[in-house]
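Trainee: Got a minute to walk through this one with me?
Mentor: Sure. Pull it up and ask away.

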Amino acid sequence: MLVVYAPAGIDRFEVERVTAFTEPATRAGFVVAYADHRPLGPQSTKDLGSIPAIVAARWCIDAQRVFYSGHSDGGSVANALAAMPE
């Protein structure tokens with residue numbers, strides 16, 4: 001699974017259009033989830049980190065193969081999630 005976090009001022013639809021990750025990622029076998037921007041903070045980061053579990057409730061997702069991506073605020077979220085112990 002690839003989770004893409006949006007930068008400030010951009011929603012999930014715009015970040016999908018800008019990155020164009022969907023076609024190559026799904027061709028490689030990934031489920032792609034795009035997240036709207038949320039103001040940065042510990043709780044919003046945890047909330048955004050729940051996206052893989054929400055998607056896994058509908059799709060067969062290998063929890064060991066979840067990857068985060070993002071730009072600007074979205075990159076900060078991706079990095080923070082990678083560093084958080086939980």
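**Helix 1, the sheet and the rings**

Mentor: Start just after helix 1, where Ala20 takes a positive phi of about 55°. Keep in mind that this is a predicted model.

Trainee: And at the start of helix 1, what does the side chain of Asp11 reach to?
Mentor: The backbone nitrogen of Phe13. A side-chain oxygen of Asp11 comes within 3.1 Å of that nitrogen. Helix 1 itself covers residues 12–19.

Trainee: Which strands does helix 1 lie across?
Mentor: Strand 1 and strand 2. Helix 1 runs at about 125° to strand 2.

Trainee: OK, the sheet. What's the strand order?
Mentor: 2-1-3, in an open sheet of three strands with parallel pairing. Strand 2 and strand 3 are the edges, and each pairs on one side only. Direction ignored, neighbouring strands are turned by 20° against each other on average.

Trainee: How many bridges between strand 1 and strand 2?
Mentor: Four, in the parallel sense. Take Val3: its bridge partner in strand 2 is Ala33.

Trainee: What about helix 5, where does that lie?
Mentor: Helix 5, residues 73–83, lies across strand 1 and strand 3. The angle to strand 3 is about 155°.

Trainee: Switching to aromatics. How many pairs in the whole structure?
Mentor: A search finds two aromatic pairs. Tyr5 and Tyr68 make a tilted one, because their planes stand at 45°, and tilted covers what is neither under 30 degrees nor over 60. Their ring centres are 5.9 Å apart.

Trainee: Where do those two tyrosines sit in the chain?
Mentor: Tyr5 is in strand 1, residues 2–5, and Tyr68 is in strand 3, residues 67–70. They are 63 residues apart, so the pair links distant parts of the chain.

Trainee: Is Tyr5 buried or exposed?
Mentor: Buried, at 1% relative accessibility. Tyr68 is partly exposed, with a relative accessible area of 32%.

Trainee: And which residues form the edge-to-face pair?
Mentor: Phe30 and Phe67, 5.9 Å centre to centre, with 75° between the planes. Phe30 is in the loop between helix 2 (22–27) and strand 2 (32–35), while Phe67 is in strand 3, so the pair ties together parts 37 residues apart in sequence.

Trainee: How accessible are those two phenylalanines, Phe30 and Phe67?
Mentor: Phe30 is partly exposed, with a relative accessible area of 23%. Phe67 also counts as partly exposed, at 40% relative accessibility.

Conventions
Residues are numbered from 1 along each chain as its sequence is written. This is a predicted model: local features need pLDDT of at least 70, side-chain atom pairs count only at pLDDT 80 or more; totals for chains, interfaces and linings use all residues. Side-chain values use heavy atoms; hydrogens and water are left out. Rings of Phe, Tyr and Trp (its six-membered ring) pair if their centres lie within 6.5 Å; planes under 30 degrees apart count as stacked, over 60 as edge-to-face and the rest as tilted. Buried means under 20% relative accessible area, exposed over 50%, partly exposed in between (1.4 Å probe, protein chains only). A polar contact is a pair of N or O atoms within 3.5 Å; within protein, one must be able to donate a hydrogen and the other to accept it, and residues adjacent in sequence count only if both atoms are side-chain atoms. Two strands pair if DSSP finds at least two bridges between them. Axes are lines fitted to C-alpha atoms, for helices over the stretch in contact, and angles run from 0 to 180 degrees between N-to-C directions. Contact means heavy atoms within 4.5 Å.
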